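Here's a quick walk through one protein chain, from the overall picture down to a single loop residue. Have a look at the fold first, then read on.

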Amino acid sequence: MTLILTRSDIRALLADLRDDIEATVEECHRDLALGRAVLPPPPAMPLPGSDGTFLAMASASAPAGLAAVKLLADLPANRARGLPVQRSAVLAVSAETGACEALLDGAEVTRARTAAATAVATRALSRQDSRVLGLVGTGPLARAHARALLPGRPYERIVLWGRDPGRSGEMADWVTGELGVEASVLEGPQAVAESSDVLCTLTPSREPLVRGAWLSPGQHINAVGAPPRPDHREIDTEGVVRCRIVVDAYSTARAKSGEVLIPLAEGALREDDFRCELGEVLAGTKPGRTSDAELTLFNSVGVGLQDLAVARLLIDAAQARHVGTRIELSG
């Protein structure tokens with residue numbers, strides 16, 4: 001039987017799995033570094049006559065016993081329709097038999113695994129005395145990051161900025177009321193960058209919002225929001241070049257990340273400058289932060305192996321709690 005998990009099913013399950021998601025995502029990156037998982041670069045399929053593109057994000061994991069593909073639709077025209085710009089679904093099959101185990105809506109999976117990966121990278125790369133968390137962007141991804149990054153960590157306050165002042169104020173009130181941490185809205189990305197020990201960029205920007213001149217020695221930056229397109233980025237060339245760069249997966253970054261591809265095309269960056277993967281840092285085969293003064297950057301493009309890892313967690317939880325719909329797909 002094939003398990004179908006809707007967005008509401010997944011949201012309900014994730015509420016009880018927050019402590020497990022980060023560990024699951026951390027382990028999948030370690031599996032990749034140690035050769036226990038496979039992650040090819042996703043092919044991009046631009047839609048003729050449109051600015052839309054589709055990505056097939058495939059992966060396979062021996063420990064998880066799954067092969068999976070997330071089909072991601074990135075459709076900027078949806079904004080004018082009042083629809084999400086990005087939509088996705090995850091198909092997971094048994095690595096042993098090939099049977100279709102599950103079909104999952106991708107929105108909540110993507111948001112949860114992205115925030116978890118940022119939390120893992122921040123723990124591995126940021127200074128231990130980091131006290132101020134900065135968020136550029138105030139959408140659902142920003143809320144997911146606040147939830148993932150704050151618990152169990154010594155942040156004393158959050159500073160944030162978003163294009164919509166009303167939404168920014170709501171975000172600050174939510175952080176203070178829901179998460180119990182002081183939060184304040186600043187006047188722009190520069191103020192947030194200059195005030196933060198850990199900075200997360202969480203917007204779909206095409207042009208840089210953060211400049212290298214605003215960054216300070218010892219900061220850790222998570223570049224998260226830009227879509228997987230080689231002409232989109234949130235941090236300018238100077239900012240990227242100033243940092244020690246760690247990517248989620250080199251082959252994906254090399255194909256899809258404007259954050260590194262634009263400086264590479266400009267001759268300001270070499271490929272060797274972004275070959276270090278998060279899993280290699282976690283496995284101890286490559287160093288992470290090398291000094292308290294070093295600037296570190298986690299370039300998060302988002303990879304299918306993260307979706308697979310969270311799908312495995314959700315499938316197991318759904319089976320244990322009798323959540324979801326089961327159908328005989330091959331009947």
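Helices (H or I, at least four residues) and strands (E, at least two) are DSSP runs, numbered from the N terminus. Just after one of those helices, α10, Gly267 takes a positive phi of about 80°. Keep in mind that this is a predicted model, where local features need pLDDT of at least 70, side-chain atom pairs count only at pLDDT 80 or more, and totals for chains, interfaces and linings use all residues. Residues are numbered from 1 along each chain as its sequence is written, and side-chain values use heavy atoms, with hydrogens and water left out.

On to the whole chain. There are 12 helices and 15 strands, and the C-alpha trace spans about 60 × 45 × 45 Å along its principal axes. The radius of gyration (over C-alpha atoms) is 19 Å, which agrees with the value near 20 Å for a compact globule of 331 residues, the rule being 2.2 Å times the number of residues to the power 0.38. Buried residues (under 20% relative accessible area, 1.4 Å probe, protein chains only) make up 55% of the chain. Counting contacts as heavy atoms within 4.5 Å, 71% of those with a separation of 6 or more join residues 24 or more positions apart.

Now the inside. A nonpolar core here is a set of buried Ala, Val, Leu, Ile, Met, Phe, Trp, Tyr and Cys residues joined through side-chain atoms within 4.5 Å. Two of them compare like this:

| Core | Size | Residues include |
|---|---|---|
| Largest | 44 residues | Leu5, Ile21, Leu104, Leu314 |
| Second, separate | 30 residues | Leu199, Leu215, Val247, Ala253 |

Helix α12 (residues 304-321) gives the most to the largest core, with 10 residues. Leu104 touches Leu5, Ile10, Ala89, Val90, Val109, Ala311 and Leu314, if you skip residues up to four places away in sequence.

Back to α10 (residues 258-265): six of its eight residues are buried, so the helix is largely enclosed by the rest of the structure. Those six are Gly258, Glu259, Val260, Leu261, Pro263 and Leu264. What covers them includes β12 (220-223), α8 (237-241), α9 (250-256) and β14 (296-299).

Two of those covering elements, β12 and α8, are linked by a loop that holds Asp236. Is Asp236 buried or exposed? Asp236 is buried, with a relative accessible area of 9%. Leaving aside neighbours within four places in sequence, Asp236 is in contact with Pro208, Val210, Arg211 and Gly212.

Technical notes. Buried means under 20% relative accessible area, exposed over 50%, partly exposed in between (1.4 Å probe, protein chains only).
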